[in-house]
Amino acid sequence: MSGKDEKLKSILDSTEKDGQMGNLGLLLAILVGLITLGVFVFLWKRGQVIRRSICLVGLCESGKTLIFSQLVYKKAKESFTSQKENVGGPLKIVDVPGHERVRQRFFDSYKSSARGIIFVLDSFTVTKDIRDVAEYLYNVLSDSVVASNRPQVLVLCNKQDHALSKGPQVILNLLEKEMNVLRNTKSNQLDDVVESGSSKKTFFGRQGKDFEFKDLLPLRVEFAASSAEAGDMDQIHKWLQAVA
């Protein structure tokens, strides 16, 4: 074989090897990509499975435990003020105690796994209790874990069987006005903390306008009516089906 032929053969062999190495590199890149995608899908599905609970929160005497009973046991059971959570049902319904001294501790235990949050209020006494209701709801919605996970939120206006109960739209308006006042108060308090250099300032809603629930997007807050005592649970069942 002449020198020219040997040189040509060497060039061809080198080109073939480079091509093989290139194909091998491409295959490895595809394999790494598939493994990464598989890990991502696994973690995403795992997160979806973990976040399967529905937290029932609200003040004492709002009807949470009766609603829990209707959802889990399909019947009304004796309701009483409890300082321990109730848990049950395929969706893992969690009835968080409403007592001020313990409710935050129990909510902290379940909020990370919450696929949905149902905030129950008494539609008959809401005008009298509006400040306490608004502050509790404000604390739930502004919680950092809730803001990060963005579970579905339902404000359930319970005890609609009373003749003088307020409807969901009226209650929404009342809460927006009260939470606007709360936001201004808490924002001023936060300003003082930020100026001291110990915290970052966040704003609840949209700056430059009065508070509205729609401004919390992508956190979605819906309102519905119920009367657990009378067995009227249609709207909550419809909401749960959508969340599940």
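1. A word on terms before we look around: two strands pair if DSSP finds at least two bridges between them. Please keep in mind that this is a predicted model.

2. The sheet is a good place to start. Six strands make it up, ordered 2-3-1-4-5-6, and the sheet is open with mixed pairing. Strand 2 (86-88) and strand 6 (221-225) are the edge strands; each has a single partner strand, so one side of each is left without a neighbour in the sheet. From one strand to the next, the twist averages 20 degrees.

3. Next, have a look at strand 1 (residues 53-57) and strand 4 (residues 114-122). These two run parallel and are joined by five bridges. Within this pair, Cys55 has Ile117 of strand 4 opposite.

4. Two helices pack on the sheet. Helix 2 (residues 64-73) touches strand 1, strand 2, strand 3 (93-95), strand 4 and strand 5 (152-158). The direction of helix 2 makes about 160 degrees with that of strand 3. Helix 3 (residues 103-110) also packs on the sheet, where it touches strand 1, strand 2, strand 3 and strand 4. Its direction makes about 165 degrees with that of strand 1.

5. Finally, follow the chain to the loop between helix 3 and strand 4, where you will find Ser113. Is Ser113 buried or exposed? Its relative accessibility is 15%, and buried means under 20%, so Ser113 counts as buried. A polar atom of the Ser113 side chain lies 3.0 Å from the backbone oxygen of Tyr110.

Conventions. Residues are numbered from 1 along each chain as its sequence is written. This is a predicted model: local features need pLDDT of at least 70, side-chain atom pairs count only at pLDDT 80 or more; totals for chains, interfaces and linings use all residues. Side-chain values use heavy atoms; hydrogens and water are left out. Helices (H or I, at least four residues) and strands (E, at least two) are DSSP runs, numbered from the N terminus. Axes are lines fitted to C-alpha atoms, for helices over the stretch in contact, and angles run from 0 to 180 degrees between N-to-C directions. Contact means heavy atoms within 4.5 Å. Buried means under 20% relative accessible area, exposed over 50%, partly exposed in between (1.4 Å probe, protein chains only). A polar contact is a pair of N or O atoms within 3.5 Å; within protein, one must be able to donate a hydrogen and the other to accept it, and residues adjacent in sequence count only if both atoms are side-chain atoms.
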